[in-house]
Amino acid sequence: MLELIKQPWSWWFSGIMISTIMFTLIYFGKTFSFSSNLRTICAAAGGGKFVNFFSFDWKSQLWNILFLVGAILGGFIANQFLSTGEAVQISQNTIDDLSKLGFAAPIAVQPEELFSTEALFSLKGFLVLAIGGLMVGFGSRYAGGCTSGHAISGLSDLQVPSLIAVIGFFIGGLLMTYVLFPLIF
Amino acid sequence: MKFLKFLFAGTVFGIVMAKSEAFSWFRIQEMFRFQAFHMYGIIGTAVILGVIGVFIIKKYKLRDFNGNPISFFSKEKSVVRYLIGGTIFGLGWALSGSCPGPMVVNIGYGYLSMIVVFLFAIIGTYMYGIIKDKLPH
């Protein structure tokens, strides 16, 4: 059993699990919406004193912060106890495309070129991570949700705004991948 | 103690993100290059089951564990904020290879550079809060 769990999980089992997590939160009277935590953290850090948007009862969102802490713990458990340590099995076409941009084939989960300590302490490497994070944080709040809030929760409820947001996710993602990546890397 | 179940749900979420490889920059690149079904399969399965489940909840007016009716709130109607906000999010998603959930899963997994990505995501959200009223919604 443990050997089976240690293998990379299939898309269908992973999809079932994500859906189960969403319905578990719904059953507990909450919603699956991860990026709300970013706003909660701004509020908990005292942002409400300066910016109205962060002036709300953030303590009502503590359950979601606990969910976030759990996610960190889950990552730790997955690495320590449930991993075989093998590289991500992406398609050969992606490996070929990425090699043209200077990325080596995967030897783990993330590319060394972006996530190694060396990369972090180079100007370009730092800017890539910082600007990437900045856009995710800004965009998710502007759009009112991220992958969990829109692509999973919103689409499950057949919400048109969520469909528009997901279309936006792809416009941005394709623009970055096909237009900006060749300029950046 | 009443929060313990959310800690547990989050832990399962973290394990799922890691074991599905959805928290890998490589998988996000593969998705945006349409070179594998993997990510579409994950999101597609979750959405199809989600649609069925939400339909059942609404049809049979199911209640949550407190006995309250489960209600779904419609998001406010607009195009601009979802399209522009979504596009900015997508740019960041492809660049960092991570949306907010997988960022913290990566931190737990040992990719400490993700702390920087996550801190800047918080700053990005704060910047949105500052200029929110000047943006088209």
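**Exercises on the contact between chains A and B**

The contact takes 105 residues from chain A and 98 residues from chain B, where two residues are in contact if their C-beta atoms, placed from the backbone, lie within 7 Å. The model is predicted, so that local features need pLDDT of at least 70 and side-chain atom pairs count only at pLDDT 80 or more, while totals for chains, interfaces and linings use all residues. Residues are numbered from 1 along each chain as its sequence is written, and chains are lettered from A in the order in which they are written.

**Exercise 1.** Determine the class make-up of the side of chain A that touches chain B.

*Solution.* Sort its residues into nonpolar (Ala, Val, Leu, Ile, Met, Phe, Trp, Tyr, Cys and Pro), charged (Asp, Glu, Lys and Arg) and polar (the others, Gly among them). The result is 69 nonpolar, 32 polar and four charged residues.

**Exercise 2.** Describe how α9 of chain A packs against α3 of chain B.

*Solution.* First, locate the helices, which are DSSP runs of H or I with at least four residues, numbered from the N terminus: α9(A) spans residues 147-156 and α3(B) residues 38-59. Next, take the axes, which come within 7 Å and cross at roughly 30°. Finally, list the residues that meet: Ala151(A), Ile152(A), Leu155(A) and Ser156(A) face a set in α3(B) including Ile43(B), Ala46(B) and Val54(B). By class, this contact has eight nonpolar, two polar and no charged residues.

**Exercise 3.** Find the contacts of Ile18(A), leaving aside its neighbours within four places in sequence.

*Solution.* Within chain A, Ile18(A) is in contact with Ile152(A). Across to chain B, Ile18(A) is in contact with Val16(B), Ile42(B) and Ala46(B).

How values were computed. Axes fitted to C-alpha atoms, helices over the stretch in contact; angles between N-to-C directions. Helix = DSSP H or I, 4+ residues; strand = E, 2+ residues; numbered from the N terminus.
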